[in-house]
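I opened a fresh page to keep track of what I look up in this structure. The notes follow my path from single residues out to whole chains.

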Amino acid sequence: MSTATLPDDPLLRERFSELKPPLAPQAAVIEADRCLYCFDAPCTGACPTHIDVPGFIKRIASGNLRGSALRILDANILGGSCSRSCPVEVLCEGACVMHRLNREPIQIALLQRHAMDAFLAAGEELLTAPRASHSVRVACIGGGPASLACAAELCRNGAKATVVERRALPGGLNTYGVAEYKLSAADSLREVEMIRRMGVEFRFGAGIETAADLEALESEFDYIFLGIGLGAMERLNIPGEEMDGVMNALELIAAYKTRHIRQLTGTVVVVGAGNTAIDAANAARRLGAETVYLLYRRGESDIPAFDFEYEHAKQEGVQFLWRRQPTAIRSDAHGGLLLDTIQVREVDSTILPIPDSQFTIACHLVVPAIGQSPFMQLMRELRQIEVNDGRIVADRATGQTRNPRYFTGGDCANGGREVVDAVADGKRAALAMLKIAEAAYA
Amino acid sequence: MPDIRVHGFAGRINAPNPFWLASAPPTNCAEQVMRAFDAGWGGAVWKTIGEPVVNVASRYSAADWNGQRIMGFNNIELISDRSVEANLRELAQVKKRYPYHAVIASLMVASNREAWHEIVARAEDAGADGLELNFGCPHGMSERGMGSAVGQVPEYTEMITAWVKEKARTPVLVKLTPNIADIRTVARAAKRGGADGLAAINTINSITGIDLDTLVPRPNVDGKTSHGGYCGPAVKPIALNMIQQVMSDSEAALPLSGIGGIATWRDAAEFILLGCGTVQVCTAVMHHGYRIVEDMSEGLDNWMRSKGFRTIEDFRGRSLPNVTEWKDLNLNYKIVARIDEKKCIGCDLCHIACWDGAHQCIHLDRVSGPVNGHVELHSTPAAIEARSRAAIAFTPVTRKEREAALSLQSTPLARIPRVDETECVGCNLCSLVCPVDECITMVRVDTGVAPETWDERTRGMDCAPEPQRS
């Protein structure tokens, strides 16, 4: 049985056509030949999963595409989705020494995608070690990048890994949350299918909500990896938030990626200015909204989104309203929404409203995108796993929590970073579990 | 203002400049040669005239390198496939319209005296300014007792050159094959036979590569190939060496038309510095067209201007005295690598090249204690890589993290390699692999020891001493 797939949607494909088209084969070789093949390369050092970047690029140059993909997968099982969704400007490509030669950095992401696309298109299998009789059994809760990477690493080392996901589709934010013009849900699912064929088991629709659920897992598995992400987005805590027409950014992105929303009209207001807010605002534009405002309580120079994401949003036609906060959501007489806002100023990092600066925006959709709140009460209450500042507290090098049977990684442990960070966390946790299990067996 | 005209090459050949087209497809016919002269070429050696041949398809293949086309070029084409009459009629037509350009007839006929006498007379009657005897073609024609079959045997070379000289009234150049153990033996034979000049080198026996799908080497002629002649940029160093050998040998040296990978004025200047009076070009024209000669002329002119050379003769052969035998090199000349920290981009290619390919004296760590001398004190490349792979890296998301990442835009000190000058042998490898101009320079170190060559050190000894242990 293969993992679920999504039907093709031509309208979605057209509206969310890729930001960066793939390299043609000859262009890939020319680009690969530009790579200097640095020793102990800075790009590799900057990558959280430490992909051997010059190594895979030289394999593209020589025509060893299969070897190139295997080199990538060796370090990063989600090398395909990372090649599309990584903010490479601040990672590998940002570290490329070509910058210091006043030249364009090597297009590492596009080259990585070139190798991975060829590998996945060929339906290549990944080799795994035979499962030993004493192999360690691990449940990975959450079907996102951290769990997938953890499970894949365990599996290729002969351990038994089971991914437990409450939703119907695997992949976590790769499937539900990354902007479609960067990574399509279909590409995410194709990658998960490769991991499934390695021998990783999947259980869908399997939420872990009660003490009984946890006990059942603990009796079946030796270790439990928590890759549960950040969960729902934070609330605005203003009147009217529960009304129809208010939908948080992750819900909006998941809805269009899974074909539940295909069209928007009128005015959409996104509240917040992080990378997810930008993804939601761009999506609203591409889905047809004529006017998209992005409200942020601080100024242009303070926005948490990456610079290139901000630039991209401007090109998509998103309009930014700086130093403005929502105060209430109301409905108008025609079934539309009215968003009351107020101008604010920052005094000693306190946001203060400016009197008589109220302004109401008539709109069809309000999209809060102000950070995600962790979803981990259960762990704290039932298993004495320490949670601090919204993150599960764990050893950074191993992902081990205060409860030695529990490991963690990804957004729930690092507070919310990128897919590649989640993969690195998952891999480190897997290696740590294998090491502990090996010591115990010996 | 520099004057790049050629006067009295090999006795009597004049040309507006030393840039000639070699005997090859670019000189197949009058229409081409006239366009070439219009483009600025100073002379042309006509595609070899002889009994017309039948050619095969395909005829060419190339060795590409690192994304660049035609580092080396290979052909299995034979001499002209057009009749002697047609070639000579067109040669006469060109000579009539371009009286001041050099038109040389390249000749190849069966190895008998009458055949050579006849073709020499006909070529000269057509108006050729000189004759080039093709004793170099390494494929096809050699199987029929011509081309390099002659050029590989000094006695044949001398004999046929002498036959030609019995008849010829214009200068006779012998084109040398490089497919021989010592090119000087044939050059000397040509000189003994009375040649007025030489042309070198012809193409080098080659198989450029094999198609890894069909397993047939290139060029593919219906599933088979035959060795061809290699030329293009890849062969220039081989040609320069052979030209130096010939021009430094008093029994071999003659006016020489240099050939072998010449594509720019820089290449041409190097050939002239080793004694060539003219240069011949083929592959670069087959790749880019006749137009490349514009930059060749201008570039040579500008370089001569900057160096204060007025004529070609002012610098011809000037580098020959700078080539000696190894035993005459100064053993006490010491240089070491210096890395300019301001220019270093931190690729660390010099480090890995020195550790794996040289003398383990460029290090990435800054050890405490004795800095010089002991490689054991330093981290190995494998240890350095293992450290990096074990480090925890993450995407910078907060402003503080992003600012820290931005600060890496200048090369961090930890990535700037350091040369252990007491261990550096001055081999040059690091400066060759460094991708940044003038980042690594080789700096002379005064040893306080007088110059001494191997020859001087061992003079008077019965045999060479044991090498010193270091």
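**Entry 1: a backbone oddity**

Where in chain B is the place of Ile70(B)? I found Ile70(B) in strand β6 of chain B, which covers residues 68-75. I note here that I am working with a predicted model. I looked up Ile70(B) for its phi, which is near 55° and so positive, in a residue that is not glycine. Most residues other than glycine have a negative phi. I then checked the surroundings: Ile70(B) has 22 other C-beta atoms within 10 Å, and because 20 or more count as buried, I wrote it down as buried.

**Entry 2: a second positive phi**

Gln360(B) also went on my list, as a residue that is not a glycine but has a positive phi of about 50°. I placed Gln360(B) in the loop between α12 and β16 (362-363) of chain B. Is Gln360(B) buried or partly exposed? I get 17 C-beta neighbours inside 10 Å, so Gln360(B) counts as partly exposed.

**Entry 3: cis peptide bonds**

Next I went through omega angles. Most peptide bonds are trans. The bond from Ale200(B)'s position needs care, so I give the pair in full: Ala200(B) to Ile201(B) is cis, with omega near 5°. (A slip of my pen above: the residue is Ala200(B).) Ile201(B) sits in the loop between β10 (197-200) and β11 (204-206) of chain B.

I also noted a cis peptide bond that joins Arg218(B) and Pro219(B), with omega about -5°. Pro219(B) lies in the loop between β11 and β12 (228-231) of chain B.

**Entry 4: a helix pair in chain B**

At what angle do helix α6 (residues 183-192) and helix α7 (residues 236-247) of chain B pack? I have about 50°, with the axes 9 Å apart. α6(B) and α7(B) are therefore oblique to each other, and their crossing is right-handed. On the α6(B) side I listed Ile183(B), Arg184(B) and Ala187(B), which meet Met242(B), Gln245(B) and Val246(B) in α7(B). Sorted by class, this contact has four nonpolar residues, one polar and one charged.

**Entry 5: chain B as a whole**

I stepped back to chain B, where I find 16 helices and 18 strands. Along the principal axes, its C-alpha atoms fill a box of roughly 80 × 65 × 50 Å. Of the 470 residues in chain B, 43% are buried. Taking contacts in chain B between residues at least 6 apart in sequence, I noted that 74% join residues at least 24 apart.

The domain assignment divides chain B into domain 1 (6-322) and domain 2 (329-390 + 413-458). Between the C-alpha centres of these two domains of chain B I have 43 Å.

**Entry 6: where the chains meet**

How many residues does the contact take from chain B and from chain A? I recorded 28 from chain B and 30 from chain A. On the side of chain B that touches chain A, α12 (349-357), α13 (381-390) and α14 (399-406) of chain B each supply at least two residues. The largest share comes from α13(B), with five residues. By class, this side of chain B has 16 nonpolar, eight polar and four charged residues.

I followed up with Leu101(A), which is in the loop between α7 (92-95) and α8 (108-121) of chain A. Setting aside neighbours within four places in sequence, Leu101(A) is in contact with Ile345(B) and Val436(B). It counts as partly exposed, with 16 C-beta neighbours inside 10 Å.

**Entry 7: domains of chain A**

For chain A, the domain assignment gives domain 1 (20-121), domain 2 (137-231 + 373-441) and domain 3 (249-368). Taken over C-alpha atoms, the centres of domain 2 and domain 3 of chain A are separated by 32 Å. Their contact takes five residues from domain 2 of chain A and nine from domain 3 of chain A.

**Entry 8: one last residue**

I finished with Ala432(A), found in helix α18 (residues 419-441) of chain A. What does Ala432(A) touch, not counting residues up to four places away in sequence? I listed Thr398(A), Gly399(A), Gln400(A) and Phe407(A). Ala432(A) is partly exposed, with 18 other C-beta atoms within 10 Å. Ala432(A) and Phe202(A) are 230 residues apart in sequence, and 22 Å apart in space from C-alpha to C-alpha.

How values were computed:
Residues numbered from 1 in each chain as written. Chains lettered and ligands numbered in written order. Predicted model: local features only at pLDDT ≥ 70, side-chain atom pairs only at ≥ 80, totals over all residues. Axes fitted to C-alpha atoms, helices over the stretch in contact; angles between N-to-C directions. Helix = DSSP H or I, 4+ residues; strand = E, 2+ residues; numbered from the N terminus. Parallel < 35°, antiparallel > 145°, perpendicular 65-115°, else oblique. Left-handed = near helix turned anticlockwise from the far one by under 90°. Contact = placed C-beta atoms within 7 Å. Nonpolar A, V, L, I, M, F, W, Y, C, P; charged D, E, K, R; others polar. Domains from an automatic or database assignment. Buried ≥ 20, exposed ≤ 12 C-beta atoms within 10 Å, placed from the backbone.
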